[in-house]
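Trainee: Could you take me through one part of this model closely? I would like to look at the metal site and the residues that hold it.

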Amino acid sequence: MEVGGELESMEEGCLSLPGIHETVKRGNKIRVKYLDENLEAHEEVVEGYLARVMQHEFDHLDGKVFVDHISPLRKQMIKGKLNALLKGKAHCNYKVKTVRK
Ligand SMILES: [Zn+2]
């Protein structure tokens, strides 16, 4: 995936980080290459909201979450919320299970 276009800021959230929403800057255009269910190769340019969603989801494949894109200062400011999640203290409308290593 190649990211391009103009940087746009938008608030993001994630089922993996319940209760946390932060503004994330991402390029508004991506070029993706993928294989479909018949293993045929495709290449597409995707723009706008879908480009943001795909970047967010592709990050998960690399083990990243959206807070990895916020500033160190902002991350420090929400450290308490992130640590609470690590301890299983999540407040959301869906069931969650914290797995500690
Ligand atoms: Zn997510």
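Mentor: Happy to. pLDDT is the predictor's confidence in each residue, on a scale from 0 to 100. This is a predicted model, and its chain averages a pLDDT of 93, with 98% of the residues scoring at least 70. Confidence is highest in strand E3 (residues 41–47), at a mean of 98, and lowest in helix H3 (residues 79–86), at 92.

Now to the zinc ion. Its protein donors are the SG atom of Cys14 and the NE2 atoms of His56 and His60, lying 2.0 to 2.2 Å from the metal. Along the chain, these donors follow the spacing C-x41-H-x3-H. The pair of Cys14 and His60 links distant parts of the chain, 46 residues apart: Cys14 sits in the loop between strand E1 (2–12) and strand E2 (22–35), while His60 belongs to helix H1 (residues 48–61).

Take the donors one by one, starting with the cysteine. Cys14 has a relative accessible area of 13%, and the cut-off for buried is under 20%, so Cys14 counts as buried. His60, at 27%, is partly exposed, because the range for that label runs between 20% and 50%.

That leaves His56, which also lies in helix H1. With a relative accessible area of 9%, His56 is buried. Setting aside residues up to four places away in sequence, His56 touches Glu12, Gly13, Cys14, Arg26 and Phe66. One of those contacts, Cys14, is itself a donor of the zinc ion.

Technical notes
Residues are numbered from 1 along each chain as its sequence is written. This is a predicted model: local features need pLDDT of at least 70, side-chain atom pairs count only at pLDDT 80 or more; totals for chains, interfaces and linings use all residues. Side-chain values use heavy atoms; hydrogens and water are left out. Donors are N, O and S atoms within 2.8 Å of the metal (3.2 Å for Na, K and Ca); water is not among the atoms, so sites may look incomplete. Helices (H or I, at least four residues) and strands (E, at least two) are DSSP runs, numbered from the N terminus. Buried means under 20% relative accessible area, exposed over 50%, partly exposed in between (1.4 Å probe, protein chains only). Contact means heavy atoms within 4.5 Å.
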